[in-house]
Amino acid sequence: MKRFFSLLTSLLLAGTLAACAETGGQSGASDPASPASEPQTFSSPEISSESQAEPASEEETRVLVAYFSATGNTGRIAGILQSALDADLFAIQPQEPYTEDDLNYSNDDCRANQEQSDPDARPAITGTPDDPDSYDLVFLGYPIWWGGAPKVVYTFLESCDFGDAVIVPFCTSGSSGIGSSAEDLHALAGEAQWQEGRRFAGSASEDEVLNWLETLELPAE
Ligand SMILES: Cc1cc2nc3c(=O)[nH]c(=O)nc-3n(C[C@H](O)[C@H](O)[C@H](O)COP(=O)(O)O)c2cc1C
């Protein structure tokens, strides 16, 4: 049975960090994508698509933070989670990176809008994590696009078998809530168990993220 010992240790550490962190502090060394603040620049994030997998001992909980971030906000939150949980990190990357024009949602014909309005759109991605089924817990992050998750996240979930892992969604947005985005993704996640997700502002502080982590009811052994 999958175990959760080291996760509890990490969450205790996260709580300590939350207590020590300065209000509004940002994750520094672990920040996988920048810039961190809103409004966005719509530039492509310089992020690694490699999962930094480490061999797991029998008793280790394997935690993955997987995320898509077009302008860095979700990537920054993912970095905070990865650091607090000592998790593997995986950036979902479209084969064709989004340009500024692609993300210009005030243009009805921009690529992002076209994809979001097409139920069958599944933009190709550059890869998936090694051995996804080996993870016990997966944090899945994405920006809200027109009230939903970007279709590259659909591609990702349909390309990965996370077995019976627990998936915890999180998202960033300008103002919208997580809405039905998580339920829509859940339908694609096979047997994985799904927990209630959380929306953050793009400028959410490290404290906010760590405090949320502490509230999660993660599975017991
Ligand atoms: C195509 C597109 C659609 C968006 N739709 C919404 C939306 O419906 N509601 C909202 O609050 N923000 C919306 N946003 C803003 C993003 O959710 C927000 O800036 C997010 O933090 C970006 O995350 P990222 O930097 O990780 O890509 C949209 C942005 C884009 C590019």
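User: With which residue does the side chain of T172 make a polar contact?
Analyst: In this predicted model, T172 is found in strand 4, and at 3% relative accessibility T172 counts as buried, because the limit for that class is under 20%. From the side chain of T172, a polar contact of 2.9 Å reaches the side chain of T74.

User: Which residues come nearest to the ligand?
Analyst: The ligand is surrounded by 21 residues. Several elements contribute to this shell, since helix 2 (73-85), helix 3 (111-116) and strand 4 (166-173) each supply at least two of its residues. Among the 21 residues, those that come nearest are S69, T71, T74, I144 and S176.

User: How far does a polar side-chain atom of T71 lie from an oxygen atom of the ligand?
Analyst: Backbone atoms also approach oxygen atoms of the ligand, for a backbone N or O atom of G147 lies 3.1 Å from one, and a backbone N or O atom of G174 lies 3.1 Å from one as well. In the case of T71, the atom concerned belongs to the side chain and is polar, and its distance from an oxygen atom of the ligand is 2.3 Å.

User: What share of the area that the ligand exposes when taken alone does the protein bury?
Analyst: The contacts include one from a polar side-chain atom of T71, which lies 2.3 Å from an oxygen atom of the ligand. Taken alone, the ligand exposes 650 Å², and the part of this area that the protein buries is 91%.

User: How many residues of the shell around the ligand are charged?
Analyst: The residues of the shell can be divided by character, and this gives 8 that are nonpolar and 13 that are polar. For the charged class, the number of residues in the shell is none.

User: How many helices and strands are there in the chain, and which pattern does it follow?
Analyst: The chain has 221 residues, of which 52% count as buried. Its secondary structure comprises 6 helices and 6 strands. Read along the sequence, these elements follow the pattern α-β-α-β-α-β-α-β-α-β-β-α.

User: Why is helix 4 described as largely enclosed by the rest of the structure, and which of its residues are buried?
Analyst: Helix 4 has 9 residues and 7 of them are buried, so the helix is largely enclosed by the rest of the structure. The buried residues of helix 4 are K151, V152, V153, Y154, T155, F156 and L157.

User: How many disulfides does the structure hold?
Analyst: Two of the cysteines can be described by their burial: C160 is buried, with a relative accessible area of 9%, and C171 counts as buried at 0% relative accessibility. As for disulfides, the number that the structure holds is 0.

User: How many residues apart in sequence are the parts that Y105 and W146 tie together?
Analyst: The count of aromatic pairs comes to 8, and one of them is formed by Y105 and W146, which meet edge-to-face at 6.2 Å centre to centre with 90 degrees between the planes. Both rings belong to exposed residues, because the relative accessibility is 51% for Y105 and 60% for W146, where exposed means over 50%. Y105 lies in the loop between strand 2 (88-91) and helix 3, while W146 lies in the loop between strand 3 (137-143) and helix 4 (151-159), so the pair ties together parts whose separation in sequence is 41 residues.

User: Are F200 and W212 buried or exposed?
Analyst: F200 and W212 also form an edge-to-face aromatic pair, with 5.5 Å centre to centre and 80 degrees between the planes. F200 lies in strand 6 (residues 198-201) and W212 in helix 6 (residues 206-215), so this pair ties together parts that are 12 residues apart in sequence. The state of F200, and also that of W212, is buried.

User: Which residues form one aromatic cluster?
Analyst: A pair of aromatic rings is described by the distance of the centres and the angle of the planes. Beyond single pairs, one aromatic cluster is formed by F68, Y98 and W145.

User: What is the phi of D131, which is not a glycine?
Analyst: Most residues other than glycine have a negative phi. D86, found in the loop between helix 2 and strand 2, has a positive phi near 50 degrees and is exposed, with a relative accessible area of 60%. D131 is placed in the loop between helix 3 and strand 3 and is exposed, with a relative accessible area of 52%. The phi of D131 is positive, at about 50 degrees.

Conventions
Residues numbered from 1 in each chain as written. Predicted model: local features only at pLDDT ≥ 70, side-chain atom pairs only at ≥ 80, totals over all residues. Heavy atoms only, no water. Near = heavy atom within 4 Å. Polar contact = N/O pair within 3.5 Å; in protein donor to acceptor, adjacent residues only side chain to side chain. Areas by Shrake-Rupley, 256 points an atom, 1.4 Å probe, with all protein chains shown as cover. Helix = DSSP H or I, 4+ residues; strand = E, 2+ residues; numbered from the N terminus. Nonpolar A, V, L, I, M, F, W, Y, C, P; charged D, E, K, R; others polar. Disulfide = S-S within 2.5 Å. Buried < 20%, exposed > 50% of the residue type's maximum accessible area, 1.4 Å probe, protein only. Phe/Tyr/Trp six-rings, centres within 6.5 Å; stacked < 30°, edge-to-face > 60°.
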